[in-house]
Amino acid sequence: MKIFKTIFTITAVLVLMQSCVVSEKPNMEFFSNADYDYQGARFVSFNVPLFLAKPYIKKALKEDGESEAVYDLVKKVSKIKIMTVENGNTALMRDHASYLTNHNYQDWATIKHDGDNVNIRVKQIGETIKNMLITVKSDKEMVFVDVRGSFTTDDISKMISYASDK
(Lines give C-alpha, C1' and ligand atoms only; values in the text may rest on other atoms or scores of the structure.)
Protein backbone atom coordinates (compact mmCIF):
# COMPACT_ATOMS: atom_id res chain seq x y z
CA MET A 1 0.00 0.00 0.00
CA LYS A 2 2.87 2.36 0.80
CA ILE A 3 4.42 1.74 -2.64
CA PHE A 4 1.06 2.49 -4.29
CA LYS A 5 0.81 5.82 -2.42
CA THR A 6 4.37 6.75 -3.40
CA ILE A 7 3.82 5.92 -7.08
CA PHE A 8 0.48 7.76 -7.06
CA THR A 9 2.08 10.85 -5.48
CA ILE A 10 4.96 10.90 -7.96
CA THR A 11 2.57 10.46 -10.90
CA ALA A 12 0.28 13.22 -9.64
CA VAL A 13 3.20 15.62 -9.20
CA LEU A 14 4.52 14.87 -12.70
CA VAL A 15 1.10 15.40 -14.28
CA LEU A 16 0.55 18.67 -12.41
CA MET A 17 4.04 19.94 -13.17
CA GLN A 18 3.58 19.57 -16.95
CA SER A 19 2.20 23.08 -17.06
CA CYS A 20 5.52 24.37 -15.70
CA VAL A 21 7.37 23.40 -18.87
CA VAL A 22 8.80 26.39 -20.70
CA SER A 23 8.34 26.29 -24.45
CA GLU A 24 9.86 28.17 -27.35
CA LYS A 25 6.53 27.93 -29.16
CA PRO A 26 3.85 30.58 -28.74
CA ASN A 27 0.98 29.74 -26.39
CA MET A 28 -1.36 32.48 -27.64
CA GLU A 29 -3.61 32.09 -30.64
CA PHE A 30 -2.48 35.02 -32.84
CA PHE A 31 1.16 33.96 -32.58
CA SER A 32 0.40 30.34 -33.46
CA ASN A 33 -0.53 31.22 -37.07
CA ALA A 34 1.89 29.28 -39.30
CA ASP A 35 1.10 31.51 -42.30
CA TYR A 36 2.19 34.77 -40.63
CA ASP A 37 5.74 36.04 -41.21
CA TYR A 38 7.11 36.84 -37.75
CA GLN A 39 10.40 38.11 -39.26
CA GLY A 40 12.76 36.38 -36.87
CA ALA A 41 10.79 36.97 -33.69
CA ARG A 42 11.63 34.48 -30.93
CA PHE A 43 9.04 33.27 -28.45
CA VAL A 44 9.24 31.90 -24.93
CA SER A 45 5.99 30.90 -23.28
CA PHE A 46 4.64 29.04 -20.30
CA ASN A 47 1.47 28.50 -18.36
CA VAL A 48 1.54 29.44 -14.71
CA PRO A 49 0.20 26.64 -12.50
CA LEU A 50 -2.09 28.55 -10.15
CA PHE A 51 -2.12 25.95 -7.41
CA LEU A 52 1.60 26.71 -7.03
CA ALA A 53 1.56 30.44 -7.76
CA LYS A 54 -1.40 31.67 -5.70
CA PRO A 55 0.13 30.93 -2.27
CA TYR A 56 3.32 32.82 -3.22
CA ILE A 57 1.36 35.75 -4.65
CA LYS A 58 -0.85 35.97 -1.57
CA LYS A 59 2.17 35.82 0.74
CA ALA A 60 3.97 38.56 -1.23
CA LEU A 61 0.87 40.77 -1.16
CA LYS A 62 0.55 40.37 2.61
CA GLU A 63 4.26 41.11 3.15
CA ASP A 64 4.00 44.25 0.99
CA GLY A 65 0.96 45.36 2.96
CA GLU A 66 -1.28 45.45 -0.11
CA SER A 67 -4.97 46.13 0.20
CA GLU A 68 -7.59 43.45 0.59
CA ALA A 69 -9.01 44.45 -2.83
CA VAL A 70 -5.83 43.32 -4.61
CA TYR A 71 -5.85 40.10 -2.60
CA ASP A 72 -9.50 39.47 -3.60
CA LEU A 73 -8.64 40.05 -7.26
CA VAL A 74 -6.02 37.29 -7.15
CA LYS A 75 -8.69 34.88 -5.86
CA LYS A 76 -10.75 35.43 -9.04
CA VAL A 77 -7.94 34.34 -11.41
CA SER A 78 -8.45 30.91 -12.96
CA LYS A 79 -5.58 30.74 -15.48
CA ILE A 80 -2.47 32.70 -16.42
CA LYS A 81 -0.37 32.35 -19.57
CA ILE A 82 2.81 34.33 -20.12
CA MET A 83 4.70 34.78 -23.36
CA THR A 84 7.72 36.89 -24.27
CA VAL A 85 8.63 37.96 -27.78
CA GLU A 86 12.15 39.01 -28.72
CA ASN A 87 12.95 40.80 -31.99
CA GLY A 88 9.34 41.83 -32.46
CA ASN A 89 8.52 44.80 -34.66
CA THR A 90 5.92 47.53 -34.96
CA ALA A 91 4.01 45.69 -37.71
CA LEU A 92 3.69 42.64 -35.46
CA MET A 93 2.22 44.73 -32.64
CA ARG A 94 -0.12 46.53 -35.04
CA ASP A 95 -1.36 43.22 -36.50
CA HIS A 96 -1.79 41.79 -33.00
CA ALA A 97 -3.82 44.83 -31.90
CA SER A 98 -6.01 44.46 -35.00
CA TYR A 99 -6.49 40.76 -34.23
CA LEU A 100 -7.61 41.56 -30.68
CA THR A 101 -10.07 44.19 -31.90
CA ASN A 102 -11.54 41.68 -34.36
CA HIS A 103 -11.91 39.17 -31.52
CA ASN A 104 -13.93 41.52 -29.26
CA TYR A 105 -11.16 42.77 -26.98
CA GLN A 106 -11.67 46.30 -25.68
CA ASP A 107 -8.77 48.63 -24.98
CA TRP A 108 -9.12 49.72 -21.33
CA ALA A 109 -5.88 51.45 -20.44
CA THR A 110 -2.44 52.36 -21.70
CA ILE A 111 0.15 53.25 -19.10
CA LYS A 112 3.55 54.65 -20.06
CA HIS A 113 6.37 53.90 -17.65
CA ASP A 114 10.10 54.53 -18.23
CA GLY A 115 9.66 54.39 -22.02
CA ASP A 116 7.65 51.16 -21.93
CA ASN A 117 3.99 50.93 -22.87
CA VAL A 118 1.71 48.80 -20.73
CA ASN A 119 -1.62 48.10 -22.42
CA ILE A 120 -4.61 46.43 -20.79
CA ARG A 121 -7.33 44.90 -22.95
CA VAL A 122 -10.35 42.94 -21.78
CA LYS A 123 -12.86 40.58 -23.32
CA GLN A 124 -16.25 41.08 -21.73
CA ILE A 125 -19.30 38.82 -21.87
CA GLY A 126 -22.30 40.66 -20.49
CA GLU A 127 -21.30 42.19 -17.16
CA THR A 128 -18.48 39.69 -16.60
CA ILE A 129 -14.93 40.05 -17.85
CA LYS A 130 -13.59 36.60 -18.68
CA ASN A 131 -10.22 37.54 -20.13
CA MET A 132 -7.67 40.29 -19.53
CA LEU A 133 -4.59 40.68 -21.71
CA ILE A 134 -1.73 42.79 -20.37
CA THR A 135 0.90 43.74 -22.94
CA VAL A 136 4.22 45.34 -22.07
CA LYS A 137 6.18 46.68 -25.05
CA SER A 138 9.65 48.12 -25.13
CA ASP A 139 11.70 48.59 -28.31
CA LYS A 140 11.87 45.06 -29.75
CA GLU A 141 10.81 43.07 -26.70
CA MET A 142 7.24 42.34 -25.68
CA VAL A 143 5.65 40.51 -22.78
CA PHE A 144 2.08 39.23 -22.90
CA VAL A 145 0.21 38.15 -19.79
CA ASP A 146 -3.13 36.48 -20.51
CA VAL A 147 -5.24 36.37 -17.33
CA ARG A 148 -8.47 34.41 -17.30
CA GLY A 149 -11.07 34.48 -14.59
CA SER A 150 -14.38 36.03 -13.69
CA PHE A 151 -13.91 39.74 -13.02
CA THR A 152 -16.19 42.75 -12.79
CA THR A 153 -15.50 46.12 -14.36
CA ASP A 154 -14.88 47.43 -10.84
CA ASP A 155 -12.18 44.77 -10.29
CA ILE A 156 -10.32 45.82 -13.43
CA SER A 157 -10.68 49.52 -12.62
CA LYS A 158 -9.20 48.93 -9.16
CA MET A 159 -6.32 46.97 -10.70
CA ILE A 160 -5.61 49.75 -13.23
CA SER A 161 -5.78 52.38 -10.50
CA TYR A 162 -3.44 50.34 -8.31
CA ALA A 163 -0.94 49.90 -11.19
CA SER A 164 -1.09 53.60 -12.06
CA ASP A 165 -0.39 54.60 -8.47
CA LYS A 166 2.71 52.42 -8.31
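In the predicted model, the second largest pocket has a volume of about 250 Å³. Its lining comprises 15 residues, and those that lie nearest the pocket centre are E29, Y99, Y105, D146 and R148. Helix α4 (90–102) and the strands β5 (128–138) and β6 (141–151) are the elements that give two or more residues to this lining. By residue class, the lining of the second largest pocket divides into six nonpolar, six charged and three polar residues.

The pocket is set in a chain of 166 residues, of which 33% count as buried. Five helices and six strands make up the secondary structure of the protein chain, and their order along the sequence is α-β-α-α-β-α-β-β-β-β-α. Among contacts between residues at least 6 apart in sequence, 56% join residues at least 24 apart.

Helix α4, which contributes to the pocket lining, also carries H96 and L100. H96 has a relative accessibility of 3% and therefore counts as buried, the cut-off being under 20%. Beyond its neighbours within four places in sequence, H96 is in contact with F30, F31, L133 and F144. L100 likewise counts as buried, because its relative accessible area is 3%. With neighbours within four places in sequence again left aside, the contacts of L100 are Y105, R121 and L133. L133 thus appears among the contacts of H96 and among those of L100. The C-alpha atoms of L100 and R121 lie 8.4 Å apart in space, although 21 residues separate L100 from R121 in sequence. Y105, a contact of L100, is also one of the residues nearest the centre of the second largest pocket.

The partners of L100 lead to the strand pairings. Strands β3 and β4 pair in the antiparallel sense over eight bridges, and within this pairing Y105 stands opposite K123 in β4. The two strands form a hairpin with two residues between them, and D114 in the turn has a positive phi of about 50°. Strand β4 also pairs with β5, in the antiparallel sense and over nine bridges. Here R121 has L133 of β5 as its bridge partner; R121 and L133 are both contacts of L100. The hairpin of β4 and β5 likewise has two residues between the strands, and G126 takes a positive phi near 65°.

The nonpolar interior includes two separate cores. The largest nonpolar core has 19 residues, and those with the most contacts inside it are V77, I80, I120, M132, F151 and I156. At least two residues of this core come from each of α2 (50–63), β2 (77–86), β3 (105–113), β4 (116–125), β5, β6 and α5 (153–165). The second core consists of 16 residues, including F31, M93, Y99 and F144. Of these, F31 and F144 are in contact with H96, while Y99 is among the residues nearest the centre of the second largest pocket.

Conventions:
Residues numbered from 1 in each chain as written. Predicted model: local features only at pLDDT ≥ 70, side-chain atom pairs only at ≥ 80, totals over all residues. Heavy atoms only, no water. 1 Å grid on protein atoms, 1.4 Å probe; cavity = no way out; pocket = protein on both sides within 12 Å on 5 of 7 lines; lining within 4 Å. Points joined across faces, edges and corners; volume = space filled by probe spheres on them. Helix = DSSP H or I, 4+ residues; strand = E, 2+ residues; numbered from the N terminus. Nonpolar A, V, L, I, M, F, W, Y, C, P; charged D, E, K, R; others polar. Buried < 20%, exposed > 50% of the residue type's maximum accessible area, 1.4 Å probe, protein only. Contact = heavy atoms within 4.5 Å. Core = buried A, V, L, I, M, F, W, Y, C linked by side-chain atoms within 4.5 Å. Pairing = 2+ DSSP bridges.
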